[in-house]
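Please walk through this model from its metal site outward. The text below follows the metals, then the open and closed spaces, then a few single residues.

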Amino acid sequence: EVKKTQRGRYCFHCDEMSRKIQDAVALAGDLEKARERGELFLVFQPQINLIEDCLVGCEALLRWHHPERGMVSPGQFIPLAEERGLIYELGDWVLEQACKQARQWLDRGVGFRQIGVNVSSLQLLEPGFCQRVADLLHQYKLDPGYLELEITETVLMQDISLAERAMRSLNCMGICFSIDDFGTGYSSLRYLHRLPISRLKLAQEFVRDMVPDDEGVVVAATLQMSHKLNIPVIAEGIENLTHFQMLREQGCDQGQGYLFSKPVMVPEFEAFCRAAETQGVIQTLPESGSV
Ligand code: C2E
Ligand code: MG
Ligand code: MG
Ligand code: MG
């Protein structure tokens, strides 16, 4: 009897697993066609200088509107794209759209400063990547200072010598890097010091876990370290005024989060830029009287 039950259970897992795999295969198939079907687009989230109360740039984030499933989160489809080898084409599309958008903003005099693009490790380590970036900058007549590539610590850990080489060639033409989700991986301090890193993006987990009585020791330690290394920190996931105040008190230079703006589409982002230029960002926050 026991055997029967076990086998029954085993088969149940089997079914569930094969259903999950089938679903992933179906989703990957859809993702492959998503671009030509016009289901992909970018949204932009502003980044704020917390001390001077001005816009320092934005991050481009990919969105997929699936015809039946609705919005699929990048947390779901980016890993899938990496597994299925679709990330090269997808990442390339994102990079080109970001460059195109930057050019438009520069032409139209919108208060554009810099655009951050998330780059997968596979993409960074692909042999033609550096040349492709050079070509795009040339095509859209962009100064490299307008572009920042966001990579995660895992990239550095996977193959540090390859990653370092790719980063150095890109840095030779003026491209800088930020370390995304900083603190969730294991960056060696030695590498942080010697790689062309312009910003650390403090992972939102740390910001979320900050509570006034514990004063966010991890956040404080990260900020002290980064100041010693002379690398500015941008805090991710600032959702409320308490987060903002604690970060600013601890000397955090920059921030990004729902408190200021969610990632938004072009017209809304432009409106945000205009408002930021005339009235600042922090001054106009609801309940900012206490700031
Ligand atoms: P990420 O690069 O760390 O991006 C930050 C994520 O935090 C975004 O989620 C953003 O919408 C979200 N976020 C921003 N402010 C807040 C806040 O105040 N509270 C909370 N709870 N969340 C906030 P999103 O857009 O879902 O992207 C998730 C991840 O997917 C990104 O994390 C990035 O790793 C990846 N991703 C997104 N677009 C691309 C892309 O074009 N290429 C690659 N390779 N990865 C991408
Ligand atoms: Mg990012
Ligand atoms: Mg992040
Ligand atoms: Mg992330």
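Along the chain, the donors of the magnesium ion (ligand 2) are spaced E-x58-N-x31-E-x29-D. Donors here are N, O and S atoms within 2.8 Å of the metal (3.2 Å for Na, K and Ca); water is not among the atoms, so sites may look incomplete. The residues behind that pattern are Glu59 (OE), Asn118 (OD1), Glu150 (OE) and Asp180 (OD), which coordinate the ion at 2.0 to 2.2 Å. Two of them link distant parts of the chain: glutamate 59 sits in strand 2 (residues 54–66) and glutamate 150 in strand 5 (residues 147–152), 91 residues apart. Helices (H or I, at least four residues) and strands (E, at least two) are DSSP runs, numbered from the N terminus. Both glutamate 59 and glutamate 150 are buried. Buried means under 20% relative accessible area, exposed over 50%, and partly exposed in between (1.4 Å probe, protein chains only).

This is a predicted model: local features need pLDDT of at least 70, side-chain atom pairs count only at pLDDT 80 or more, and totals for chains, interfaces and linings use all residues. Residues are numbered from 1 along each chain as its sequence is written, chains are lettered from A and ligands numbered from 1 in the order in which they are written, and side-chain values use heavy atoms, with hydrogens and water left out.

Which residue bridges the two magnesium ions? Aspartate 180 does, and the ions (ligand 2 and ligand 3) lie 4.2 Å apart. The magnesium ion (ligand 3) is coordinated by Asp180 (OD), Asp181 (OD) and Glu236, the last listed with two OE entries, at 2.1 to 2.4 Å. Its donor residues have the sequence spacing D-D-x54-E. Again distant parts of the chain are linked: aspartate 181 belongs to strand 6, while glutamate 236 is in the loop between strand 8 (233–235) and helix 11 (241–249), 55 residues apart. Aspartate 181 is partly exposed, at a relative accessible area of 31%. Glutamate 236 is buried, at 8%.

Now the open spaces. On a 1 Å grid over the protein atoms alone, a cavity is a set of points where a 1.4 Å probe fits but cannot get out, and a pocket is an open set with protein on both sides within 12 Å along at least five of seven lines; lining residues have an atom within 4 Å of a point. Grid points are joined across faces, edges and corners, and a volume is the space filled by probe spheres set on the points.

The largest pocket holds about 1100 Å³ of space. Its lining has 40 residues, and Glu59, Leu61, Asn118, Asp180 and Asp181 lie nearest its centre. Elements giving two or more residues to this lining include strand 2, helix 3 (87–108), strand 5 and strand 6 (176–182). By class, the lining has 15 nonpolar, 15 polar and 10 charged residues. Ala, Val, Leu, Ile, Met, Phe, Trp, Tyr, Cys and Pro count as nonpolar, Asp, Glu, Lys and Arg as charged, and the others, Gly among them, as polar.

The second largest pocket holds about 160 Å³. Helix 3 gives the most to its lining, with 5 residues. Strand 1 (40–49) also supplies at least two. Among the lining residues are Phe41, Trp93, Lys100 and Met265. The classes are 7 nonpolar, 3 polar and 1 charged.

What of the closed spaces? The whole structure has 2 cavities of 30 Å³ or more. The largest cavity, of about 60 Å³, is lined by Leu31, Glu32, Arg35, Leu86, Glu89 and Leu90. Helix 1 (2–34) and helix 3 each supply at least two of these residues. The second largest cavity has about 30 Å³. Strand 2 gives the largest share of its lining, 3 residues. Cys58 and Cys273 are among the residues that line this cavity.

Those cysteines lead to the disulfide count, which is 0. A disulfide is a pair of cysteine sulfur atoms within 2.5 Å. For cysteine 273, the nearest cysteine sulfur is that of cysteine 58, 7.3 Å away. Cysteine 273 is buried, at 3% relative accessible area.

Last, leucine 147 in strand 5. Leucine 147 is buried, at 4%. Contact means heavy atoms within 4.5 Å. Not counting residues up to four places away in sequence, leucine 147 touches Leu95, Ile115, Val117, Val133, Leu137, Ile175 and Cys176.
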